[in-house]
Amino acid sequence: MTDEEEMVVTPWEVRGKVDYDRLIKEFGTQKISEELKQRIFKIAGEEHFLLSRDLVYSHRDLDWILDKYERGEKFVLYTGRGPSGPVHLGHLIPWRFTKWLQERFDTRLYFQMTNDEKFLFTPDLSIEEVHKYTYENTVDLLALGFEPENTYVIDDIKHIDLMYEIGIRVAKKVTFSTARAVYGFDNSMNIGGIWYTALQAVPAFLHSEIYGVKTPCLIPCAIDQDPYWRVARDVAEKLGYYKPASIQNKFVPGLAEGGKMSASDPNSAIFTIDTPKEARRKVMNAFTGGRTSAKEQRDLGGNPDICSVFLYYKFVFMPDDKDLAKIERKCRGGEILCGECKQILAGMVEEFLEKHQAAREEAKDRVDEFSAARLRDDLRR
Ligand code: TRP
């Protein structure tokens with residue numbers, strides 16, 4: 001992935017340097033204004049650093065969702081994950097944000113594990129592997145401390161019966177020429193992938209369908225998922241549902257140059273199952289905004305704007321603005337060198353991993369408690 005390449009952002013591929021404002025224009029979403037941020041913080045009763053630091057930056061109909069909420073009409077949350085490999089720290093960021101929304105707005109969350117999507121779109125991924133990662137990734141999700149009362153994890157392959165009827169109703173409204181235009185498919189696309197696109201709309205309508213009450217849905221997601229919501233919004237009213245709203249984040253930073261994190265470059269990402277020692281090694285090799293010599297850095301200061309270690313502080317480990325400002329000041333002033341700064345981050349990462357891995361162990365026996373299979377009973381009632 002190089003920055004000189006032309007920007008390409010689809011649900012399956014991100015290439016080139018991402019221009020986030022341009023994505024808003026091309027996708028036709030809205031920027032989250034300062035006013036809207038303050039409105040969320042006011043209802044939530046507290047601020048959230050991912051919103052105030054603009055990692056969560058774009059939306060569709062978020063103002064409409066808040067209008068409804070303030071008039072007493074509750075919404076449900078819907079998000080998901082394509083279980084194609086182990087989870088890295090970057091994945092946890094939007095999940096934690098979703099959890100915050102869930103707690104602050106006291107709403108139900110539907111979480112879709114799209115093992116079918118990953119099976120269909122990833123040439124060498126087997127059914128066994130997607131099942132394994134569905135389980136492992138669910139464990140990571142639960143390790144963040146979700147409560148089963150309000151959290152329903154949908155395993156696409158296992159729970160297809162819950163979604164099939166809504167799925168075919170969606171699919172009937174979407175032509176192949178729309179799918180080609182929105183998702184960029186060509187004739188080499190397998191037909192499963194084409195069908196799958198209908199299935200990603202389904203959880204947005206599931207609550208309305210099961211309980212027979214038209215219910216607004218808010219989707220926290222990365223901006224690359226927007227094509228799915230364009231189609232979902234297009235068909236929603238025709239099927240008697242509200243158009244799903246969304247709240248969209250930028251891609252989360254990694255340890256490589258340009259702050260990129262990618263599952264295919266294991267050194268650019270810290271996986272939740274890395275040993276603390278392994279994670280420390282990755283942090284110590286991270287790309288920073290340091291100068292070529294210690295003397296130069298003491299004289300001129302470092303550059304946090306391009307530093308992946310700083311991005312980790314900003315989006316993961318330093319929610320408190322005072323802490324972040326302090327490390328930034330020290331860096332720019334040449335008071336702290338990269339080695340020391342990486343040591344601090346490595347300590348935080350190790351501590352986090354130890355806790356998260358213990359929570360993973362406890363979550364392993366609890367996966368069934370969160371299963372969307374419970375919805376079958378509600379559907380029959
Ligand atoms: N397609 C997403 C992925 O590849 C998974 C997903 C399904 C999702 N439904 C979602 C992500 C809703 C965000 C919101 O990861």
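**Entry 1: Thr98**

I began with the side chain of Thr98, where a polar atom lies 2.8 Å from the backbone oxygen of Pro94. I keep in mind that this is a predicted model. Thr98 sits in helix 5, and I wanted to know whether Thr98 is buried or exposed. Its relative accessibility comes out at 1%, so Thr98 counts as buried, the limit for that class being under 20%. I then listed what Thr98 touches, leaving aside residues up to four places away in sequence: Leu77, Thr79, Leu109 and Pro220.

**Entry 2: two domains**

Next I turned to the domain assignment, which splits the protein chain into domain 1, residues 3–253, and domain 2, residues 266–362. I found 17 residues of domain 1 and 22 residues of domain 2 taking part in the contact. For the spacing, I took the centres over C-alpha atoms, and they are 29 Å apart.

How much area is buried between domain 1 and domain 2? I noted about 1800 Å², with carbon and sulfur atoms giving 66% of that area. I like having this figure, as interface size is often stated as the accessible area lost when the parts come together.

**Entry 3: polar links across the interface**

I looked for charged pairs between domain 1 and domain 2 and counted three salt bridges. I also looked up the pair Arg360 and Asp140, whose side chains form a salt bridge with an N to O distance of 3.0 Å. With both residues at pLDDT 80 or more, ten residue pairs are in polar contact across the interface of the two domains.

Which helices supply at least two residues each to the side of domain 1 that touches domain 2? I wrote down helix 3 (49–52), helix 5 (89–105) and helix 7 (127–143). Sorting the residues on that side of domain 1 by type, I got twelve nonpolar, one polar and four charged.

**Entry 4: salt bridges in the whole structure**

I then widened the search and found 29 salt bridges in the structure. I picked a few of them to look up in turn.

The pair Lys31 and Asp21 has an N to O distance of 2.8 Å. Lys31 belongs to strand 3 (residues 30–31) and Asp21 to helix 1 (residues 20–27), so this salt bridge ties together parts ten residues apart in sequence. Both ends are partly exposed: Lys31 has 48% relative accessibility, and Asp21 has 41%.

The pair Lys37 and Glu34 stays inside one element, helix 2 (residues 34–44), where the two residues are three apart, about one turn of the helix. Their side chains meet at 3.4 Å, N to O. Here I checked the burial of each end: Lys37 is buried at 6% relative accessibility, whereas Glu34 is partly exposed at 49%. I also noted that Glu34 and Lys37 join Asp54 in a network of salt bridges.

My last pair was Lys74 and Asp106, a salt bridge of 3.5 Å, N to O. It links distant parts of the chain, 32 residues apart. Lys74 is in the loop between helix 4 (62–70) and strand 5 (76–81), and Asp106 is in the loop between helix 5 and strand 6 (109–113). Where do the two residues fall in accessibility? Lys74 is partly exposed at 40%, and Asp106 is partly exposed as well, at 47%.

Note on methods: Residues numbered from 1 in each chain as written. Predicted model: local features only at pLDDT ≥ 70, side-chain atom pairs only at ≥ 80, totals over all residues. Heavy atoms only, no water. Domains from an automatic or database assignment. Contact = heavy atoms within 4.5 Å. Buried area = accessible area lost by both parts, 1.4 Å probe. Salt bridge = Lys/Arg side-chain N within 4 Å of Asp/Glu carboxyl O. Polar contact = N/O pair within 3.5 Å; in protein donor to acceptor, adjacent residues only side chain to side chain. Helix = DSSP H or I, 4+ residues; strand = E, 2+ residues; numbered from the N terminus. Nonpolar A, V, L, I, M, F, W, Y, C, P; charged D, E, K, R; others polar. Buried < 20%, exposed > 50% of the residue type's maximum accessible area, 1.4 Å probe, protein only.
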